[in-house]
Amino acid sequence: MMVILHFNVHAPKSNGRIVEVAWVMFRDRRTFLFFMATMVLGQGFGAIFTFLFVLLADLGDKGAVMGLSLLVTCLTEVPIFFVADKIINSIGMIHSYIACTLLMAVRLTFFFFMHNPWLVLIVEGIHGVTFGVMWATGVTYCRKIAPKGLGATMQGWYTGWTFGFSMGSGSLIAGALASRFGLPTMFLVLGLVSGATGVFMLVGNSLGMLGEANDEEKSFYSQFDDGNGEKVAKERNVEMREVTVEENGHKKQDETCEAETNKAGQEA
């Protein structure tokens with residue numbers, strides 16, 4: 001602490017653009033629903049992180065299952081980050097988020113029916129998909145929708161929205177529900193909310209209720225929402241190579257004509 005006091009820290013003056021980042025949430029129905037789905041997922045994580053071990057203890061676990069369940073979540077989470085881009089490119093960003101909400105619903109609802117603490121290991125592997133794919137999709141989406149020059153701020157907003165507001169409110173809501181109805185019923189209610197969110201997104205996206213992407217984002221959605229990101233990228237690379245070859249051909253023709261002109265001038 002004494003060492004830190006010797007440093008002169010000058011915080012940059014806020015220019016009010018944080019409001020611009022916050023307003024991005026309401027730019028269209030698609031983006032608004034994206035953040036609402038993030039809130040539902042974050043609240044599910046908040047409930048699990050706060051009360052799952054309490055439920056396991058109530059079911060008779062002395063600590064072994066708690067440790068193993070945490071190990072399973074970590075072991076499944078890490079490899080998912082390595083293949084998250086392939087998952088997103090295969091099924092699209094919107095469908096990736098839908099899958100996360102539905103899997104979260106399965107995980108939360110399972111806790112309601114669980115009567116043996118060891119059974120938790122069956123569904124804890126779902127955490128790798130729900131968190132890994134959600135996070136990879138979220139940061140990629142926020143990078144694209146961020147106002148110019150505010151990419152890092154947008155990432156910070158998404159992090160605060162997920163780990164701060166969503167998980168924090170999830171813990172509070174879960175605590176209120178658990179104190180009134182019990183832990184199993186609390187997990188069931190949050191599971192139903194997550195499932196309803198996923199179904200709404202699925203139906204809404206199928207019916208075009210989420211709105212169309214604006215012109216600035218069309219190329220972005222064509223890579224992810226159409227589920228053919230690799231194909232689109234390859235086609236664009238081919239087009240760029242064709243343009244480069246054509247430009248090089250014109251350049252060589254110009255050089256040849258210039259050389260012939262200079263030669264004719266020297267002979268004259």
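On a 1 Å grid over the protein atoms alone, a cavity is a set of points where a 1.4 Å probe fits but cannot get out, while a pocket is an open set with protein on both sides within 12 Å along at least five of seven lines; lining residues have an atom within 4 Å of a point. Grid points are joined across faces, edges and corners, and a volume is the space filled by probe spheres set on the points.

With those terms in hand, let us look at the model. It is a predicted one, so local features need pLDDT of at least 70 and side-chain atom pairs count only at pLDDT 80 or more, while totals for chains, interfaces and linings use all residues. Residues are numbered from 1 along each chain as its sequence is written, and side-chain values use heavy atoms, with hydrogens and water left out.

**Confidence and fold**

The protein chain has an average pLDDT (the predictor's confidence in each residue, from 0 to 100) of 80, and 72% of the residues reach at least 70. Residues 1-7 stay under 50, and the model gives them zero contacts (heavy atoms within 4.5 Å) beyond four places in sequence. Residues 212-240 are also below 50 in pLDDT, yet this stretch has 39 contacts beyond near neighbours in sequence.

Ten helices and zero strands make up the secondary structure; helices (H or I, at least four residues) and strands (E, at least two) are DSSP runs, numbered from the N terminus. Helix 4 (residues 93-113) has the highest mean pLDDT among the elements, 95, and helix 9 (residues 218-224) the lowest, 43. Of the contacts with a separation of 6 or more, 80% join residues 24 or more positions apart.

**The core**

Buried residues (under 20% relative accessible area, with exposed over 50% and partly exposed in between, for a 1.4 Å probe and protein chains only) are 40% of the 268 in the chain. The largest nonpolar core, a set of buried Ala, Val, Leu, Ile, Met, Phe, Trp, Tyr and Cys residues joined through side-chain atoms within 4.5 Å, has 55 residues, of which F35, F111, M134, M186 and F187 touch the most other members. Helix 2 (29-58) is among the helices that each supply at least two residues, and the largest share, 13 residues, comes from helix 2.

Beyond four places in sequence, M134 contacts L41, F45, Y97, C100, V129, Y158 and T162. T38, in helix 2, counts as buried because its relative accessibility is 0%. Outside its neighbours up to four places away, T38 touches Y97, Y158, W161, T162 and S166.

**Spaces in the model**

Two cavities of 30 Å³ or more are present. In the table, Ala, Val, Leu, Ile, Met, Phe, Trp, Tyr, Cys and Pro count as nonpolar, Asp, Glu, Lys and Arg as charged, and the others, Gly among them, as polar.

| Space | Volume | Lining residues by class |
|---|---|---|
| Second largest cavity | about 30 Å³ | four nonpolar, three polar, no charged |
| Second largest pocket | about 170 Å³ | six nonpolar, three polar, three charged |

V40, Q43, G44, L108, L190, V193 and S194 line the cavity in the table, with helix 2 and helix 8 each giving at least two of these residues. The lining of the pocket includes I48, F49, E77, R107, E124 and H127. Helix 3 provides the largest share of that pocket lining, five residues.
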